Amino acid sequence: MKKSILPLIVMALTALFAGATMVYAAQADKKIVSMKLHEKEGLQCEDCHGEKNPTKADQAKIYASCLNCHANSDGTYRGELDDKGNGIEKEYSESRKTKMAAMHDSHVGKLRCTLCHTSHKAPDNKNIYCNYCHQFDVKIK
Ligand code: HEC
Ligand code: HEC
Ligand code: HEC
Ligand code: HEC
């Protein structure tokens, strides 16, 4: 009897340790490589994912978290606003022309933040959402 139970205990313990190591590994390789100010501010997994040990990106929860910290008073983020409450336009070069655009308040309306801003992967500055149609020369942090 004793002999047959021991391997089971060993297996259970191994599984426990493996589980713990996996959580640790997940946290270790989930370094924030984009939006460096977040790393400096010491944001925790829960701040963005809404849960302590996230295993996937729940985009709806993440979007709600971004807005939780960054929203203008109307529940959208439109950057700095002018006195009429519109997003302020900045100059961007677009294939040798210059366009005034407000990245956060454009003709396409509300967009999920993570269409442009990433956290654990480096941002893709060429393929930001707008550049499916435009060729804005932008840099995302
Ligand atoms: C817990 C609050 C919090 C959450 C959640 C949060 N942020 Fe931030 N974010 C900050 C703070 C604080 C800064 C520092 C600058 C500031 O004061 O605005 C910052 C800075 C930034 C910057 C500028 C980064 C830089 O390096 O210059 C961007 C872009 C940004 N956040 C986007 C996002 C997006 C997108 C999300 C959702 C994925 C998000 N934030 C979630 C608090 C938060
Ligand atoms: C269409 C792409 C795009 C989307 C979607 C987007 N951003 Fe940005 N964001 C940018 C770019 C590009 C910058 C860099 C500043 C610039 O050139 O205007 C930026 C800069 C920022 C900054 C730094 C301060 C500022 O306003 O310039 C914050 C904070 C920020 N974004 C938060 C958000 C949040 C929160 C969301 C979602 C509600 C979001 N962004 C959605 C493109 C985007
Ligand atoms: C600043 C907000 C933010 C913080 C803090 C954050 N995440 Fe994320 N996470 C994201 C976003 C946004 C995505 C979507 C993919 C991307 O942008 O890199 C994501 C994706 C993921 C994914 C899905 C797999 C992948 O790589 O796309 C996992 C797993 C994950 N995060 C785990 C974590 C863990 C663990 C922590 C804490 C150590 C953490 N995240 C902290 C915003 C955050
Ligand atoms: C599905 C295609 C598409 C997407 C995506 C798109 N645009 Fe446009 N945009 C257009 C078209 C078409 C025009 C009109 C022709 C032109 O001026 O290039 C336009 C015009 C503009 C103009 C000029 C408007 C004016 O009044 O002069 C700005 C600024 C602009 N877009 C900003 C943006 C920004 C910022 C994004 C991303 C948040 C974006 N667009 C995403 C198709 C798109």
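**Strand pairing around Met-100 and the ligand shells**

Leaving aside residues up to four places away in sequence, Met-100 makes contact with Glu-89 and Glu-91. In this predicted model, Met-100 is placed in strand β2, which covers residues 97–101. Strand β2 is joined by 5 bridges to strand β1 (residues 90–94), and the two run antiparallel. Within this pairing, Met-100 of β2 serves as the bridge partner of Glu-91. The C-alpha atoms of Met-100 and Lys-90 are 5.3 Å apart in space, with 10 residues of separation in sequence. The hairpin of β1 and β2 has 2 residues between the strands, and Ser-95 adopts a positive phi near 35° in this hairpin. Met-100 counts as exposed because it has 9 C-beta neighbours inside 10 Å, where the limit for an exposed residue is 12 or fewer.

The model also contains ligands, whose surroundings are described in turn. Ligand 4 is surrounded by residues that include Lys-99 and Ala-101, and the others in its shell are Met-103, Ser-106, His-107, Val-108, Tyr-129, Cys-130, Tyr-132, Cys-133 and His-134. By residue class, the shell around ligand 4 comprises 7 nonpolar, 3 polar and 1 charged.

Around ligand 1 there are 19 residues, of which the closest are Leu-37, Cys-66, Cys-69, Cys-113 and His-117. Two or more residues of this shell are given by each of the elements α2 (36–40), α3 (45–49) and α4 (59–70), and α4 gives the most, with 6 residues. The residues around ligand 1 divide into 8 nonpolar, 7 polar and 4 charged.

Ligand 3 has 20 residues around it, with Lys-30, Cys-45, Cys-48, Thr-118 and Ser-119 coming nearest. At least two residues of the shell around ligand 3 are supplied by each of α1 (2–28) and α3, the largest share, 4 residues, coming from α3. In composition, the shell around ligand 3 consists of 8 nonpolar, 8 polar and 4 charged residues. Because residues of both domain 1 (1–30) and domain 2 (31–132) contribute to the shell around ligand 3, this ligand lies between the two domains.

Terms used:
Residues are numbered from 1 along each chain as its sequence is written. Chains are lettered from A and ligands numbered from 1 in the order in which they are written. This is a predicted model: local features need pLDDT of at least 70, side-chain atom pairs count only at pLDDT 80 or more; totals for chains, interfaces and linings use all residues. A residue is near a molecule or strand if its C-beta atom, placed from the backbone, lies within 6 Å of it. Ala, Val, Leu, Ile, Met, Phe, Trp, Tyr, Cys and Pro count as nonpolar, Asp, Glu, Lys and Arg as charged, and the others, Gly among them, as polar. A residue is buried if 20 or more other C-beta atoms lie within 10 Å of its own, exposed if 12 or fewer, and partly exposed in between; C-beta atoms are placed from the backbone. Two residues are in contact if their C-beta atoms, placed from the backbone, lie within 7 Å. Two strands pair if DSSP finds at least two bridges between them. Domain bounds come from an automatic or database domain assignment.
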